[in-house]
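Please read the points below against the model. They are ordered by region, and terms are explained where they come up.

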Amino acid sequence: MPLELFAVTQPGLEDICAAEVAEFGLGPGTTVPGGVAFQGEASQLATANLRLSVATRVLVRVAEFRAPGFPELHARAGKLAWERFIPTDATPRLCFHVSAHKSRLYHTAGIAERVARGIGERLAITPEIVAPGDDDAETDDTRPPTRIYVRLDHDRCTVSVDSSGDPLHRRGYRLALARAPLRPTLAAAMLRACG
């Protein structure tokens, strides 16, 4: 069963990223504001994370549904197949990135709380919640948090799981690091735009 994938880009770079998605044989991508939607298997997801130079991260779309209120959000979140995306061998660490635009639900902390409750009920666990600013912080815990993106737009809820971990401009293939005047993803987009 193919995964619904989304390569996140900086605004204005969607067409360049779509060309890159097609170049690597990841399928025809559909450009939308903020990125490129495409489908693929797990191997194509790995290829996207390793080879896309313009994308900042690759998300796996878990579900999209209507959520006009907190009861609907909680119920629908609890029915999703979270076991496919969240390791349950230890208490999972979850980091929620929530946005709401022109929706009845606008309290981002409340949205994250309802989705976390749904996940906990589905997996019969109590997940550890990490604040969005703390997901990149160095801690004694070696388990990286699973980043979950929840976006509400006109009462349509899109739930995604981050497959990239750190942003792709920090892939870790460089051993000597210095402050760069330009992110590698933006530099790659500029080079591709110049041909």
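1. Gly120 is buried, with a relative accessible area of 9%; buried means under 20% relative accessible area, exposed over 50%, and partly exposed in between, with a 1.4 Å probe and protein chains only. The residue lies in helix H4. Apart from neighbours within four places in sequence, Gly120 is in contact with Ile125 and Pro127, where contact means heavy atoms within 4.5 Å. Its C-alpha atom is separated by 9.4 Å from that of Trp82, 38 residues apart along the chain.

2. On the source: this is a predicted model, in which local features need pLDDT of at least 70 and side-chain atom pairs count only at pLDDT 80 or more, while totals for chains, interfaces and linings use all residues. Residues are numbered from 1 along each chain as its sequence is written, and side-chain values use heavy atoms, with hydrogens and water left out.

3. The protein has five helices and eight strands. Helices (H or I, at least four residues) and strands (E, at least two) are DSSP runs, numbered from the N terminus. Along the sequence the pattern reads β-α-β-β-α-β-α-β-α-β-β-β-α. Of the 195 residues, 42% count as buried. About 10800 Å² is exposed, and carbon and sulfur atoms supply 54% of it; these areas come from the Shrake-Rupley method with a 1.4 Å probe, and for residues only the protein chains shown count as cover. Among contacts between residues at least 6 apart in sequence, 75% join residues at least 24 apart.

4. How do helix H3 and helix H4 pack? H3 (residues 70-78) and H4 (residues 108-123) meet at an angle of about 35°, with their axes 7 Å apart. Axes are lines fitted to C-alpha atoms, for helices over the stretch in contact, and angles run from 0 to 180 degrees between N-to-C directions. The crossing of H3 and H4 is right-handed, that is, the near helix is turned clockwise from the far one by less than a right angle; anticlockwise would be left-handed. From H3, Phe70, Leu73, His74, Ala77 and Gly78 take part, and among their partners in H4 are Gly110, Ile111, Arg114 and Glu121. The residues of this contact divide into five nonpolar, four polar and four charged. Here Ala, Val, Leu, Ile, Met, Phe, Trp, Tyr, Cys and Pro count as nonpolar, Asp, Glu, Lys and Arg as charged, and the others, Gly among them, as polar.

5. The eight strands form an open sheet in the order E2-E3-E1-E4-E8-E7-E5-E6, with mixed pairing. Two strands pair if DSSP finds at least two bridges between them. Strand E2 (30-32) and strand E6 (128-130) are the edges, each pairing on one side only. From one strand to the next the twist averages 35°.

6. At one edge, E2 and strand E3 (residues 35-40) run antiparallel and are joined by three bridges; Thr30 stands opposite Ala37 in E3. Towards the other edge, E5 and E6 run parallel, also with three bridges, and Cys95 has Val130 in E6 as its bridge partner. E5 and E7 pair in the parallel sense over eight bridges, with His101 opposite Asp153 in E7.

7. In helix H1, the residues Glu14, Ile16, Cys17, Ala18, Glu20 and Val21 are buried. Their cover includes E1, E2, E3, helix H2 (42-51) and helix H5 (184-194). After H1 comes Gly25, with a positive phi near 70°.

8. Which residues that are not glycine should be checked for a positive phi? Most residues other than glycine have a negative phi. Lys102 has a phi of about 50° and lies in the loop between strand E5 (93-101) and H4. With 61% relative accessibility, Lys102 counts as exposed. His154 has a positive phi of about 55°, and its place is in the loop between strand E7 (146-153) and E8.

9. Is Thr158, in strand E8 (residues 156-162), buried or exposed? Thr158 counts as buried because its relative accessibility is 14%. Not counting residues up to four places away in sequence, Thr158 touches Arg61, Ala63, Glu64, Tyr149, Val150 and Arg151.
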